[in-house]
Amino acid sequence: MKPEIISQLREIVGKEYVFTEKEDLFCYTYDGSFLFEQPSMPGVVVLPENSREISRIIKLAAACQIPVIPRGAGSNLSGGSVPLAECMIIQMTRMNRIIRIDGRNMIAVVEPGVVTGVFQEELAKQGLFYPPDPASLAFSTMGGNVAECAGGPRGVKYGVTRDYILGLEVVLADGSITRTGASTMKSVAGYDLTRLFTGSEGTLGIITQITVKLLPMPQARQTVLASFPNLDQTAETVVEILSRGMIPSSLELLDQVFIHHIEAFMPSGLPLDAEGILLIEVDGPKNALNDQISEIEKICRDQGAMQIRAASSEDERERLWAARRGAFGAIARNYPTILSEDVTVPRDKIPQAISQVRKIAEAYQLTVAILAHAGDGNFHADILTDEKNSEEMNRVRQALPELFKAALDLGGTITGEHGVGIVKAPFLPWEAGREGMHVMQAVKDALDPQNILNPGKMFGNRRW
Ligand SMILES: Cc1cc2nc3c(=O)[nH]c(=O)nc-3n(C[C@H](O)[C@H](O)[C@H](O)COP(=O)(O)OP(=O)(O)OC[C@H]3O[C@@H](n4cnc5c(N)ncnc54)[C@H](O)[C@@H]3O)c2cc1C
């Protein structure tokens with residue numbers, strides 16, 4: 001990066017917030033994803049404090065045609081925040097203020113660097129609730145969640161990040177600052193730009209302020225653990241629960257590989273003899289929960305559950321959910337490389353999807369662990385491997401397209417929540433089609449004509 005650019009950045013944000021040392025830059029060459037290609041080193045990392053500074057940074061980048069990558073906690077699983085060429089990383093974590101919590105209007109305004117779990121804890125103190133709960137909520141940021149449209153176990157009842165975003169402040173590719181949406185519960189004034197920027201993975205603008213809708217904290221919650229002798233029955237039970245009109249707040253499925261790794265890592269009382277378990281939570285008024293739980297237990301019994309256990313205390317409930325959130329970490333202790341895929345299918349296709357995943361794993365002789373936000377039809381088919389084993393990595397490369405194709409054939413999508421980034425860029429056209437890609441390219445060209453915002457992500461190197 002040219003010295004005159006570095007000195008201008010130092011002038012904008014202060015010299016302690018501009019990193020140029022190799023040791024610092026290296027930390028920004030990776031994120032939560034496994035990448036087949038080696039990413040580049042960024043030229044500089046800059047940590048702004050507010051949107052005015054970001055506006056000046058972007059004006060400088062636009063004038064010099066330098067690629068810019070916004071970055072939150074770097075936990076995404078699609079290669080969204082890694083550099084592909086010499087670039088400027090805008091690290092958003094200094095912008096971590098909760099600006100306003102407005103319980104009368106049930107909204108809050110936050111900066112993008114606020115950690116999602118920290119925000120939720122602040123809200124809980126006031127009896128308020130922001131439902132999106134990615135398993136990464138202890139470290140991922142609100143900006144990263146919005147840019148990826150993150151989801152989580154509660155999606156089955158409460159939806160995903162986009163369902164809570166009322167408005168955004170965004171710095172555009174020319175450095176101008178715009179506001180989208182409104183602080184009201186509804187607004188149809190013009191195109192829905194809030195939804196356009198939500199899930200745009202840093203390719204259309206830098207999100208600098210987020211207005212979210214809040215809910216009252218549910219009065220009570222109850223969690224049930226049901227275990228099954230095989231995974232097909234586990235999956236069929238999900239369809240049965242949902243088709244009987246039940247709407248649990250979470251409905252998670254874990255296979256035996258996950259159960260065993262979790263128990264070895266953080267013993268939580270999960271049944272080791274089960275091939276599949278469901279972790280089911282209901283919430284709402286206290287006096288309505290027992291009926292829901294009884295109905296769900298009955299469905300599980302009718303479907304052949306081996307064991308059904310309701311958490312008897314808040315501690316036990318929290319232990320079960322901590323086990324679920326720790327699932328990825330539990331596996332990561334034993335496998336150096338994990339490719340966490342997140343194909344999603346219509347909910348009644350979950351059993352077929354699981355059977356397809358197993359066939360693909362068998363055909364390519366791969367170890368695949370399955371964990372699903374099953375209530376959403378969203379699978380984490382996690383391929384457990386070791387990047388040093390090049391022969392196995394070749395089989396992984398061949399298996400991935402099969403997995404995406406299987407999801408599309410079942411009427412699903414290649415990504416339910418992890419985003420496209422670099423990892424799924426080659427496969428986006430399979431889902432969006434030629435015309436869809438042309439529309440997306442037109443939007444990108446209109447908002448970022450020089451292609452300086454997170455270039456190479458979502459579209460790969462291809463122009464449509
Ligand atoms: C253990 C683990 C569990 C996970 N569980 C889930 C899960 O349950 N559900 C789920 O959806 N995801 C999950 N993820 C993935 C990841 O945590 C989410 O994608 C999260 O939203 C990323 O947030 P981040 O702050 O780390 O953003 P980053 O990874 O830094 O960035 C993500 C993308 O957003 C862009 N970006 C970041 N900030 C901004 C901004 N202010 N303006 C514009 N663009 C921006 C980046 O350029 C990048 O493209 C998990 C990851 C891990 C490691």
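Author: A quick definition first: a polar contact is a pair of N or O atoms within 3.5 Å; within protein, one of the two must be able to donate a hydrogen and the other to accept it, and residues adjacent in sequence count only if both atoms are side-chain atoms. This is a predicted model, where local features need pLDDT of at least 70 and side-chain atom pairs pLDDT 80 or more, while totals for chains, interfaces and linings use all residues. Residues are numbered from 1 along each chain as its sequence is written, and side-chain values use heavy atoms, with hydrogens and water left out.

Reader: How far is an oxygen atom of the ligand from a polar backbone atom of Ala135?

Author: Backbone atoms meet ligand oxygens at several places. A polar backbone atom of Glu201 sits 3.2 Å from a ligand oxygen, and one of Asn76 sits 2.9 Å from a ligand oxygen. For Ala135, the distance is 2.9 Å.

Reader: How much of the accessible area that the ligand has on its own does the protein cover?

Author: Accessible areas come from the Shrake-Rupley method with a 1.4 Å probe, and for residues only the protein chains shown count as cover. On its own the ligand has 980 Å². The share covered by the protein is 95%.

Reader: Which element gives the largest share of the shell around the ligand?

Author: Helices (H or I, at least four residues) and strands (E, at least two) are DSSP runs, numbered from the N terminus. S3 (68–71), H5 (142–148) and S10 (206–213) each supply at least two shell residues. The largest share, 5 residues, comes from H5.

Reader: Which domains give residues to the shell around the ligand?

Author: Domain bounds here come from an automatic or database assignment. The ligand lies between two domains, because both give residues to its shell: domain 1 (3–91) and domain 2 (98–216).

Reader: Which side chain does Arg97 meet in a salt bridge?

Author: A salt bridge is a side-chain nitrogen of Lys or Arg within 4 Å of a carboxyl oxygen of Asp or Glu, and the count by this rule comes to 26. Arg97 lies in the loop between S4 (88–91) and S5 (98–102) and its partner in the loop between S6 (107–110) and H4 (116–125), so the pair ties together parts 14 residues apart in sequence. At 3.2 Å, N to O, the partner of Arg97 is Glu111.
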